[in-house]
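Reader: Before I take this one to the bench, please walk me through it slowly and tell me what each term stands for as it comes up.

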Amino acid sequence: MENPSEHAFAPAERAAVYRTIFNRRDVRGQFLPTPVPDEVLGRLLMAAHHAPSVGFMQPWNFLLVRSPEVKQRVRQAFAKAHAEAALMFPEGKREIYSQLKLEGIVESPVGLCITCDRERTGPVVVGRTHIRTMDLYSSVCAVQNLWLAARAEGLGVGWVSIFNQAELQQALDIPPQIVPIAYLCIGYVSHFHDKPELEKAGWLPRLPITDLLYYDQWGQGDPEQQETLTATLAAMQDGIQQRGAFPE
């Protein structure tokens with residue numbers, strides 16, 4: 001009889017995967033000036049390039065930013081959008097927002113813009129025939145692959161998303177038909193926070209996963225925790241939040 005777990009990783013390898021996932025952070029203000037070696041950066045980019053993509057179209061490009069002048073142009077585009085964004089929040093939230101460190105564009109040794117070429121393999125793509133945005137989602141998978149690989153390498157990554165798209169394209173000379181998906185700040189850091197910074201700042205709490213889980217139909221939850229999975233998840237999240245005991 002086939003062993004259902006024969007394709008699973010060894011326990012230590014599996015634990016390392018979960019440790020990477022649960023210890024990933026969006027880094028903004030802890031970057032060190034230490035250069036990132038090419039062999040390390042190469043592993044990150046290769047991890048990103050091996051992300052899943054709809055129709056195997058691999059719609060991404062990787063625009064590496066090391067020039068101080070280019071970083072300044074990107075920083076100026078951020079600063080303009082950041083000032084606009086502050087006015088969108090109500091007064092109480094606006095004060096917290098103004099105190100948040102939301103980028104490390106100039107401080108990080110490496111900037112990386114991951115883009116999506118929506119025309120890479122032509123107009124008809126396997127898996128994108130009905131949901132046109134699948135290519136964008138594919139590029140986001142490349143971001144996540146890189147982010148997790150970076151954490152395993154001891155590198156911090158910060159995703160800067162407060163831009164007017166056209167101004168970011170102009171700062172990086174990106175053609176109008178190419179979509180910038182993520183501008184990432186990458187580098188070694190002084191430390192990683194034990195929790196996401198927005199959670200620590202009281203911006204929003206971690207939502208209970210049991211409130212987000214439905215069974216078979218939208219809105220059909222399990223408030224009485226009759227499902228074994230619901231109880232398992234509730235206990236798991238309690239362990240994480242109360243004791244810092246992450247799954248392995």
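Author: One term first: two residues are in contact, or touch, when they have heavy atoms within 4.5 Å of each other. This is a predicted model, in which local features need pLDDT of at least 70 and side-chain atom pairs count only at pLDDT 80 or more, while totals for chains, interfaces and linings use all residues. Residues are numbered from 1 along each chain as its sequence is written, and side-chain values use heavy atoms, with hydrogens and water left out.

Reader: OK, let me start with one residue: what does serine 139 touch?

Author: Leaving aside residues up to four places away in sequence, serine 139 touches Pro59, Trp60, Ile114, Thr115, Cys116 and Ile181. Serine 139 itself has its place in helix H5, which covers residues 134-152. Helices (H or I, at least four residues) and strands (E, at least two) are DSSP runs, numbered from the N terminus.

Reader: And serine 139, buried or exposed?

Author: Serine 139 has 0% relative accessibility and therefore counts as buried. The cut-offs are under 20% relative accessible area for buried and over 50% for exposed, with partly exposed in between (1.4 Å probe, protein chains only).

Reader: Zooming out, how many helices and strands are there?

Author: The protein chain has eight helices and four strands, and from the N terminus on its elements follow the order α-α-β-α-α-β-α-β-α-β-α-α. Its C-alpha trace spans about 60 × 50 × 40 Å along its principal axes, and 35% of its 248 residues count as buried. If one takes contacts between residues at least 6 apart in sequence, 78% of them join residues at least 24 apart.

Reader: In what order do the four strands sit in the sheet?

Author: The order is S1-S2-S4-S3, in an open sheet with antiparallel pairing; two strands pair if DSSP finds at least two bridges between them. Strand S1 (60-65) and strand S3 (155-160) are the edges, and because each has a single partner strand, one side of each is left without a neighbour in the sheet. On average, neighbouring strands of this sheet are turned by 25° against each other, direction ignored, where axes are lines fitted to C-alpha atoms, for helices over the stretch in contact, and angles run from 0 to 180 degrees between N-to-C directions.

Reader: How many bridges join S1 to S2?

Author: Six bridges join S1 to strand S2, residues 110-117, and the two run antiparallel. Within that pairing, tryptophan 60 has cysteine 116 in S2 as its bridge partner, and leucine 63 has cysteine 113.

Reader: Which helices pack on the sheet?

Author: Helix H2 (residues 38-49) packs on the sheet by touching S1, S2, S3 and strand S4 (178-188), and its direction makes about 155° with that of S1. Helix H6 (residues 165-172) also packs on the sheet, where it touches S1, S2 and S4, and its direction makes about 65° with that of S4.

Reader: Back to S2 for a second: why is it called largely enclosed?

Author: Eight of the eight residues of S2 are buried, so the strand is largely enclosed by the rest of the structure. Val110, Leu112, Ile114 and Cys116 point one way, whereas Gly111, Cys113, Thr115 and Asp117 point the other way, and all are buried. S2 also pairs with S4 in the antiparallel sense over eight bridges, with leucine 184 of S4 as the bridge partner of leucine 112.

Reader: Changing topic, at what angle do H3 and H6 pack?

Author: Helix H3 (residues 68-86) and H6 pack at about 170°, and their axes are 9 Å apart. From H3, Val70, Arg73, Val74, Ala77 and Lys80 meet Glu167, Leu168, Ala171 and Leu172 of H6.

Reader: Which residues have the most contacts inside the largest nonpolar core?

Author: They are Val74, Ile105, Phe163, Leu172 and Tyr183, in a core of 27 residues; a nonpolar core is a set of buried Ala, Val, Leu, Ile, Met, Phe, Trp, Tyr and Cys residues joined through side-chain atoms within 4.5 Å. H3, H6 and S4 are the elements that give two or more residues to this core, and H3 provides its largest share, seven residues. Another core, of 25 residues, lies apart from it, with Leu41, Ala51, Leu146 and Ile186 among them.

Reader: And what does valine 74 touch?

Author: Not counting residues up to four places away in sequence, valine 74 touches Ile105, Phe163, Leu168, Ala171, Leu172 and Tyr183.
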